[in-house]
Every structure is written in structure tokens, then in C-alpha cells.
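Biologist: I'm new to this one and would like a close look at a single part of it. Could you pick a spot, go through it slowly, and then walk me outwards from there?

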Amino acid sequence: MKKISIFGATGSIGQSTIDLIRRAPGAYDVVALSGGHNVAQLARDAIELQADIAITAHDARLEELRSALAGSGVEAASGAAALVEAASRPADWIMSAIVGAAGLAPGLKALEQGTTLALANKESLVCAGALLMQTAADHGARILPVDSEHSAVFQALVGERIEEVERIIITASGGAFRDWPLERLKTATLAEASSHPNWDMGQRITIDSASMFNKALEVIETREFFGVAPEQIEVLVHPQSLVHALVGFRDGALMSHLGAPDMRHAIGYALHWPDRNALPVARLDLAAIGQLEFRAPDLQRYPALRLAQEVMRRGGLSGAAFNGAKERALDHFIAGRIGFLDMASLTEEGLATLEAQPGLIDASMTLENVTRVDDLARRAVDQVVTQRTG
Ligand code: NDP
Ligand code: MG
């Protein structure tokens, strides 16, 4: 039996992963499941899958988790340190699907045990790509991408050499507002930003898709994971979300990956790699689809894409500053304190504040420094919000 753990088990990716596990009774021995506020779901899944331990990120929820697990034999724990401890428990395959920078510490700890880490948590690559890749190399661990575009690139590269790659094209649906006039974006509400035309995902990544911050993170993720130069990465708007990415080789050939917009595709590929197993995803009927649509992204409309380029040029800990500022700006948008377009300007200001502090961005990439920069970026954004809202 393959021993597995799932971090962020109660979320959209976590639940899709559990769906695949549930379909293969007897194939998996579940070590740890983690969640946050959704303690009832966490307890239900932990009992059903007979996990050794269930961890909620929030100490205030521990009692509730304990009583939900009473008599089940599943251990209960809470807090950031408990998540890291659970990530050190031996497992053959670990899903990293916590949302945000909070996924970094458990991800690093998982790599230290030399496991295979299925990485959905793109924020950890954006914040600390070099640290994550080096930790994997030092411990003989493997990182398999779960983000659909990166899984697509990874699959297009099977049997190929990265030196022969000329460009990597990741597609973007354009999110909820792709057909809105620019002027109207200012007034976009939380409810409008929280629905995606093609993908069913967690709220935060759905809003990030509407603002293209998700694509900005993915561009940086592409650079960190595949080690290509920023100029080699292109974003292509593809409203149908059927072509997930394309890899262009030096002879001009393009290899693309197509599939239904269902994350169980990428999760299943990472789960069964290097094999392919049957998956419960819809098959594409290309004749019925008829046409595939592509267009260039409008950079005016999506300042996040420009910021991603600046972050890659700057290097160092600017990814951590960018992500921290973006996460905090998103918190403020969700709380109704700022408008949709303010997320980009706040992120840019937060990033600039940190870059102006001598030596901060160029400090060595340790978990401690990344965490410090992340925290400072969030505070810088809070300060601007306080100034703006008086
Ligand atoms: P969700 O918001 O649906 O789930 C997030 C998970 O993380 C939940 O289990 C949540 O617990 C938990 N969590 C939230 N905050 C914390 C915290 N501070 N510490 C520990 N755990 C926490 O997100 P998604 O599943 O949509 O996304 C997960 C990751 O995968 C993200 O990095 C996202 O960018 C990436 N991804 C997602 C895709 C998708 O289709 N959803 C596609 C590609 C990448 P609870 O809900 O119980 O509070
Ligand atoms: Mg993606």
C-alpha cells in the first residue's frame, strides 16, 4: 500500500485528491490529513480513510476536532508546528494543497524526508523556489507539479531535454472578467470575482484568476520549476481552458496538452506517475468543440503580469514580497475594504516598500528570511490600506 498524506485536504484540490483515493479502496494507507476551519469535513474524511492523524491549522478548533474524532482512533492536533511535524511522518507521496505561503513550511519538511511531493501550492515556489528545489535535491526528493499548466508542461517534456526548449506557453482562461470593459473592473464585486467560467476552485485562486494574479504566480512558478529564462515564458489567453500549456522546441515544434478542465487530471497524473491510470475525467470530443480560441493577453488590463516580470528580473526574495503583498491585498478585497483594481496597486506599493529596504530582498533564501519578508510585505500593505481608508 502506498502511504500518503494530504495537506489542505478540506479544500478544492484536497477534496479532488480524496475523491481519487476513495475510488481505489485498499490501495492507499493514509498517514495525515490537514485542514483549517472545516473541522467537520476533516474529521469525516480522516475517519473514513482511517488516517493516523488529522491536523487543523487553527488551535481554536482543536477541541472541536478532538470531539469529532473521539473514539475513532485518529489522533488530533493543531497549529503550524503540528503541520510541520505531520509532514515529517514517513509517506511515499504527499499532496501540498494548503492555500498560500502557509504551505511552505510543511512542504519543505516533507521534502526533507525524501518523499514525492505533489505540489499544488504554487505560492511556495513563488516565495522560495530555489530553497524548495535545493531541499528536494539535497534529500533525493521529487516534486511533481499539480497546477494544471505545469503538469501539462511536465507531460509535454517527457522524453525531451530542457536545453531543447525554446519557449513555454501557459494558457489563461482570462477569469471571470475577461470580457468586461476595463472601466467596469473598478466596480467588480466580491461575488462577481468569486465565480470562474471554467474551473471549480477555492475562492482565493478564483479571485486571483479574475485579476490574473494567478497567472502571474504561475509564470514565476514556471521559471522556478523548469529553470527557463523569463523571456522564454509566454501567457496566451485561451477562454475554453482545454489546452493547458504548450512547449515550443528549437526546431519550431509545439507540444501541447489538452484535457477537460478537471483538476483530477493533474492530481491523478502526479499520483500515478510515472504510470498513467484510468481517471474519472470527461473525454474531449474535439469534433463537437470545433474550434480552439486563442488571443494575446492585454497587459494594460492585467498589471499582475507586468509585476511578475519585474519580480523575476529582481530575483532574491522579491517573490516572497510579491506573494505576501498579494495575499494581504486579497484579504482586504475579500473583507470589502478595497476595490478589485486596488489589489494590483497595493501589491505594487507593498513590493516597492520592501525593495526600498537595504539588503532585505537580497538576504539569503532561508525559511526564516522568507517568512520575515512575507510578514513585512503584509504589514506594508496594511499600512497603505490604513492610509488610503483614513
Ligand atoms: P481551498 O481554499 O479550496 O483550500 C485550501 C486548503 O488549505 C483548505 O484545506 C484550508 O482549510 C487550508 N488552509 C487555509 N488556510 C490555511 C492556513 N493558514 N494553514 C493551513 N491550512 C490552511 O484552495 P484550493 O484547493 O483551491 O487551492 C489549494 C492550493 O492549490 C493553492 O495554492 C492553489 O493556488 C493551488 N491550486 C488550486 C487549483 C484548484 O483548482 N483549486 C488549481 C491549481 C493550483 P479550510 O478550508 O478547512 O479552512
Ligand atoms: Mg493553474
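**Helix pairs and their surroundings**

Modeller: Let's start with helix α4 (residues 80-87) and helix α5 (residues 104-112), whose axes come within 8 Å and cross at roughly 25°. Angles under 35 degrees count as roughly parallel, so that is what we call α4 and α5. The crossing of α4 past α5 is right-handed. On the α4 side, the contact is made by L83, V84 and A87, and on the α5 side by A105, P106, K109 and A110. Sort those residues by class and you get six nonpolar, no polar and one charged. The charged one is K109, because Lys counts as charged. Before we go on, please keep in mind that this is a predicted model.

Now for another helix pair. Helix α1 (residues 12-22) packs with helix α12 (residues 264-272) at an angle of about 60°, and their axes are 10 Å apart. The two are therefore oblique to each other. As for handedness, α1 and α12 make a right-handed crossing. From α1, the residues in the contact are I13, S16, T17, D19, L20 and I21, while α12 brings R264, I267, G268 and L271. By class, this contact has five nonpolar, three polar and two charged residues. The charged two are D19 and R264, because Asp and Arg both count as charged.

Let's zoom in on one residue there. Is I21 buried or exposed? This residue of helix α1 has a relative accessibility of 5%, and buried means under 20%, so I21 counts as buried. Leaving aside residues up to four places away in sequence, I21 touches I4, Y28, L49 and L271. You've met L271 already, as part of the α12 side of the helix contact. I4 sits 17 residues away from I21 along the chain, and the C-alpha atoms of the two are separated by 9.6 Å.

If you follow the chain on from α12, there's a peptide bond to look at. W273 and P274 are joined by a cis peptide bond, with omega at about 5°. Most peptide bonds are trans. P274 belongs to the loop between α12 and α13 (286-289).

Next, have a look at helix α10. T206, I207, D208, S209, A210 and S211 are buried there. What do the buried residues of α10 pack against? Their partners are α9 (190-193), α11, α14 (303-314), α15 (318-334) and α16 (342-355). Just after α10 comes M212, with a positive phi of about 70°. M212 is not a glycine, and most residues other than glycine have a negative phi. You'll find M212 in the loop between α10 (203-211) and α11 (213-226). M212 counts as buried, since its relative accessibility is 2%.

S241 also has a positive phi, about 55°, without being a glycine. Its place is in the loop between β9 (233-237) and β10 (243-249). With a relative accessible area of 5%, S241 is buried.

Then there's the metal. Which residues are the protein donors of the magnesium ion (ligand 2)? They are D147 (OD), E149 (OE) and E218 (OE), and they lie 2.1 to 2.2 Å from the ion. Along the sequence, the spacing of these donor residues reads D-x1-E-x68-E. D147 is buried, with a relative accessible area of 7%. For E149 the relative accessibility is 7%, so E149 counts as buried too.

One last stop is T56, in strand β3 (residues 53-56). T56 has a relative accessible area of 0% and is therefore buried. What surrounds T56, not counting residues up to four places away in sequence? T56 touches G35, G36, V39, L42, R61, L62, L65, A77, S78 and G79.

Key:
Residues are numbered from 1 along each chain as its sequence is written. Chains are lettered from A and ligands numbered from 1 in the order in which they are written. This is a predicted model: local features need pLDDT of at least 70, side-chain atom pairs count only at pLDDT 80 or more; totals for chains, interfaces and linings use all residues. Side-chain values use heavy atoms; hydrogens and water are left out. Axes are lines fitted to C-alpha atoms, for helices over the stretch in contact, and angles run from 0 to 180 degrees between N-to-C directions. Helices (H or I, at least four residues) and strands (E, at least two) are DSSP runs, numbered from the N terminus. Angles under 35 degrees count as roughly parallel, over 145 as roughly antiparallel, 65 to 115 as roughly perpendicular and the rest as oblique. A crossing is left-handed if the near helix is turned anticlockwise from the far one by less than a right angle, and right-handed if clockwise. Contact means heavy atoms within 4.5 Å. Donors are N, O and S atoms within 2.8 Å of the metal (3.2 Å for Na, K and Ca); water is not among the atoms, so sites may look incomplete. Buried means under 20% relative accessible area, exposed over 50%, partly exposed in between (1.4 Å probe, protein chains only).
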